[in-house]
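Hello,

Here is the structure I promised to pass on to you. Have a look at it first, and then read on for what turned up in it.

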Amino acid sequence: MAESVTPSNPLANSISLNGEEINQSVPTIPTIDTGIVPTHTTTITNQPVTDENGTKAICKYCKSMFSYAGKGASTSYLWRRSSSCLQRRLHVAAQKKQPLIPFQPSNSSVNPFVTPGARYSQEKMRQIIATAIMVHEHPFSIVEDEVWMWGFQYANSEFHKISRKTARSDCLAIYEAEKKQLKALLQGVRKISLTTDMWRSSHQIVEYMVFTGHFIDAGWNLQKRVLSFVQVPAPRRGIDVADAIFKCLKTWGIENKVFSVSVDNASYNDSCLRALKDTISDNNSLPVGGSLFHVRCCAHILNLLVQDGLGKIKDIIHKVRESVKYVNFNDSRFKTFVEIAENKRLKEKKLIIDCPTRWNSTYNMLSVALKFKSVFPVYKEREPHYNYEPSSEDWRKVEKICKLLKVFNLATHVISGSEYPTANLYLPEVWRVKQVIDDAIEDRDSFMRKMATSMKEKFDKYWGECNMVMSLACVLDPRCKLHVIKFCFPLIYKPEHVAAENIEKVKNTLQEMYDEYAEKYHGETIISGVNTNSLVASSNVVSSEISGIDEMLNMVREKEAIHPTKSELEVYLDESAYIPEGNSKSFSALEWWKNNSLKFKVLSKMAADILAIPVSTVASESSFCAGGRVIDEYRSRLNQESIEALICGGDWLRNKYGLKKKPKEQITEAFALQVEHSVLKLIDVPLEKNQDQASQDNPKQNNL
């Protein structure tokens, strides 16, 4: 009876091939091409072996052993069972495989690794595995998970298992290759704006700096790339952080292309950017004397405004929070609450708890709880131990608070949007925030006036002076131009003469910056598509051979006065504002400037550089969530090289293949730790201080 070797892959025991079930638990016999089992090695069998049970022939494909009667013996039984060798059938099918028509599926999710008609490649498979590890933040050890490997082997028998060390090497190789490509891309970028922030891992005793670049590519698309995720050794003074940033700039070769740097409101960032500005100015002149270089994070400023206001009504918030905790404590309480809500025919079924360091989660908690305000009195009657019921007066206050916070929440979504919108969208949101604060100050309720007064103090501290980045970006929105600042400034900056001064300041800065760009990129002013220097040059033609008409025309030019001409900036401002069709959300300022770049050759370059400036550090802070997942408790010993390759490389590959991170829980441990660490930086508390106490002193939110 024939013998066979049991396969190591249990998933291969029962396999369907071309509609035929093949059970490999039954001994299999290889197909013999010649009809005779030879006494020497051939393409399908190894050299026969002889043991105590007799001579055996060995299949080269599945290594099964079969009885062999010797030369001249019948081989018909081998022919009958030849189709049982799965490995040989796969091999023959691969050899005889017909070329495939290069037809791409109609859906958008095309596999970028599939080449029609190409044969299996182990190197390509390793590249795919390494890409998956980086994009989806898997551990290197995933390649040692048996079931996954069995699945790959089932899909293709030529797949060979790799080790975690090989997976790490493959990831580093991809990182270096992508870094080289990104470097080449950045060489063609005119200006780049940066965001940076610091983060401490809860599983390592080190602090990391993330460094993100924002720029407009050749296709006029706003791009974002995480450039570095590096350790910053102690002491982490402003000058030390500035040196670390400049080192990263030189590594990428973009030290002469920096336009602005957006940071949070930590005190050391002021000294850091002063030092960095001086260093960069030595090698490269910054636009408008560097007045646009330092950009403060608007999301953090909004958070400070709201946190100060919510501190005035903390007793009401405490009642609502404890009520939510009580209801969600166990299934019995929650079931009772749901039954009451159903009896009142309320659509909402669940209360949500907030994270105290994130004001927008507090807003969500209050707004949802407000929908159940009629449920809590009935719930109180059924639950005698429930002692946190808000009064009707409390609910009235919550309703007014939510109306105020709704504007802040919408502004936060725009400023900290996941799609990182261009800077022209920010000023109208600041105007709306100022408007609701002023309205709240005039409110009849004293608690609203008290809360709004605290918010206004913070607003005046950070936005009491004209924010030039947001103002210039708004003017370069063809829908707005100067109309919006003329409308918004009198409402934001009071009295009227202060608003008028700020409007004039924006105009002067706009003109100064345009003159710098015109000199840098052309050395001349482009006037309605005509080069003025060429006109002057043509009037001073000196030639030994001049015709009569040329001499006469020269005399005419001397007599005729040359009419003053308009610059691109003047032409742009004099034209009517652009009124887009349909929804304003579908309008792209970058797309408009792209379409009009031939008309405004200099001004379009200036607009692209300004619109790319981020006014929030969310782009950098989102990397901390990835850092918290990469440097978890099981991978706390990852070295610096691996961490940077996984975080930066993952970001580059997601952009390359158009992928997005899978949604995570809104409140994660890593996120909470990052928020609390940011609190320490904001209030300048030493890092050794207890984080919980620091968050109570002055909590800070990162709105992602």
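Before we start, one term: two residues are in contact when they have heavy atoms within 4.5 Å of each other. Please also keep in mind that this is a predicted model.

With that term in hand, let's begin with two helices that meet. Thr131, Ile133, Met134 and Val135 of helix α3 touch a set of residues in helix α25, namely Ala645, Leu646, Gly649, Gly650, Leu653, Arg654 and Tyr657. Sorted by type, the residues of this contact are seven nonpolar, three polar and one charged. Helix α3 covers residues 122-135 and helix α25 covers residues 640-657; their axes come within 8 Å and cross at roughly 105°. Angles from 65 to 115 degrees count as roughly perpendicular, and therefore α3 and α25 are roughly perpendicular to each other.

Now for the whole protein. There are 27 helices and twelve strands in it. Of its 704 residues, 47% are buried. The exposed surface comes to about 36,600 Å², and carbon and sulfur atoms supply 52% of that. If you take the contacts between residues at least 6 apart in sequence, 70% of them join residues at least 24 apart.

Next, find the sheet. It is an open one with five strands in the order β8-β7-β6-β9-β10, and its pairing is mixed. At the edges are β8 (222-231) and β10 (294-296), each of which pairs on one side only. From one strand to the next, the twist averages 25°.

Strand β6 is a good one to follow in the viewer. This strand spans residues 192-200, and eight of its nine residues are buried. Which strand does β6 pair with in the antiparallel sense? That is β7 (residues 207-216), over eight bridges. Two of the residue pairs are easy to look up: serine 193 has histidine 214 of β7 as its bridge partner, and threonine 196 has phenylalanine 211, also in β7. With β9 (residues 258-263), β6 pairs in the parallel sense over four bridges. There, threonine 195 stands opposite serine 262 of β9.

Two helices go with this sheet. Helix α6 (residues 238-252) lies across β6, β7, β8 and β9 and runs at about 50° to β7. For the other one, go back to the strand order, β8-β7-β6-β9-β10. Helix α5 (residues 164-187) packs on this sheet and touches β6, β7 and β8, with its direction at about 125° to that of β8.

Another covered element is helix α23, residues 601-611, where nine of the eleven residues are buried. Among the buried ones are Val602, Leu603, Met606 and Ile610, and also Asp609.

Last, here is a single residue to click on: alanine 411, which sits in helix α13 (residues 392-415). Is alanine 411 buried or exposed? Its relative accessibility is 0%, so alanine 411 counts as buried. Apart from neighbours within four places in sequence, alanine 411 is in contact with Leu302, Glu429 and Val433. You can also try the distance from alanine 411 to arginine 432: the two are 21 residues apart in sequence and 8.2 Å apart in space, C-alpha to C-alpha.

Enjoy exploring, and do write back with any questions.

Best wishes

How values were computed. Residues numbered from 1 in each chain as written. Predicted model: local features only at pLDDT ≥ 70, side-chain atom pairs only at ≥ 80, totals over all residues. Heavy atoms only, no water. Buried < 20%, exposed > 50% of the residue type's maximum accessible area, 1.4 Å probe, protein only. Pairing = 2+ DSSP bridges. Axes fitted to C-alpha atoms, helices over the stretch in contact; angles between N-to-C directions. Parallel < 35°, antiparallel > 145°, perpendicular 65-115°, else oblique. Nonpolar A, V, L, I, M, F, W, Y, C, P; charged D, E, K, R; others polar. Areas by Shrake-Rupley, 256 points an atom, 1.4 Å probe, with all protein chains shown as cover.
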